[in-house]
Amino acid sequence: MSKKKNYTLGVLTSGGDAPGMNACVRAIARTAFGESINIVGVMNGYEGLINGEFKRWKNARDVGGILRRGGTVLQAQRSERFREKNGQREAIRNMNEEGIDGLITIGGDGTLNGAHAIAKQGVKVVGIPASIDNDIWGTDMAIGVDTALNTITESVDKLRDTASSHTRAFLVETMGRNNGYLAVQAGIACGAEIVLCPEFPTTVENVAEIIEDAYRRGKNHAIIIVAEGATIRSTELAEQLDALDIGFKTRVTILGHIQRGGSPTAFDRLLAARLGIRAVQVLLEGQSDVMVGLRGRDITLAPLKDVVSNTRPVNLEFYNMVRNLAQ
Ligand code: F6P
């Protein structure tokens, strides 16, 4: 890694928080200290960049104790002002005034779009994918996904206990506004009968048939995972299933923001450390307008213009696996 005297690195977290963001911030800051460069935390994501909310860290202790903490110590927001050219100009002006030479942005698609927008205006910037939705193109896994999936799995295991005691069907709603990744993976991990997600729409009648069939086969519980972005919401689906008399009585659990919290898993901490370290290296090598990501076992780079113009698809094979294993 080429050392740059008096180089100042900025880091921010933006959009919805994800477990492991703090582990990533810590890795970035400590890599910077190791390289003897200055490190500035930007509070409140792009909104803080516009407002000039900077925090200079002096040594490794300033980012101590955050590795295992969920959320983000830098705070995160979705900034409407940053979508506009005026907001971006103000942010760039503040960065220049603060002497920030390179910026690392940690977050989801909105964050990476913002990074690409300022990179096109000459800012040296590297993105790091962090979103429980795992909808970011250019990486197999984003920071936070593994923790969220483990939270869902633990929750559904508990719901299954009570479902079995009362011979009920539980509809469990997982997060993912436009994407069914968490729902499909949770469907496999939790042994669901069926998953409803935006990518593979199905009818209420089909769901009713599958659940009634499970009842007839003598199952004393049924789990239906419904992605937040599915064509029908979990509460509405439950009402319609109850009206069709499917054997089981239904209950609905919306897991909601519980999926975004909690101490990151070992996987997320490792991923966060690897991506954070690589992002610093990439900036010091003089590269910009790229995202660091995980492909297979390797940390790779993808141009931000490709990242923001593509979406990571949900795997049909995994979707089918849920049904094939629900016997
Ligand atoms: O993008 C992450 C995500 O958790 C989505 O799954 C969800 O739809 C959305 O954020 C919720 O956003 P908010 O925290 O603003 O309610």
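Visitor: What makes a residue part of the group that surrounds the ligand?
Guide: A heavy atom within 4 Å of the ligand. R78, D133, M175, G176, R177, E228, H257 and R260 surround the ligand. The model is predicted, with pLDDT of at least 70 for local features and 80 or more for side-chain atom pairs, while totals for chains, interfaces and linings use all residues. Numbering runs from 1 along each chain, and side-chain values use heavy atoms, without hydrogens or water.

Visitor: How do you know which class each shell residue belongs to?
Guide: Asp, Glu, Lys and Arg count as charged; Ala, Val, Leu, Ile, Met, Phe, Trp, Tyr, Cys and Pro as nonpolar; the others, Gly among them, as polar. The shell has five charged, two polar and one nonpolar.

Visitor: What makes the approach of R78 to the ligand a polar contact?
Guide: The cut-off is 3.5 Å between N or O atoms. A side-chain N or O atom of R78 is 2.7 Å from a ligand oxygen. R260 lies 2.8 Å from a ligand oxygen through a polar side-chain atom. For E228, the value is 2.9 Å.

Visitor: Why is the Y46 and F82 pair called stacked?
Guide: Ring centres must lie within 6.5 Å; planes under 30 degrees apart count as stacked. Here the centres are 3.9 Å apart and the planes 5°, so the pair is stacked.

Key:
Polar contact = N/O pair within 3.5 Å; in protein donor to acceptor, adjacent residues only side chain to side chain. Phe/Tyr/Trp six-rings, centres within 6.5 Å; stacked < 30°, edge-to-face > 60°.
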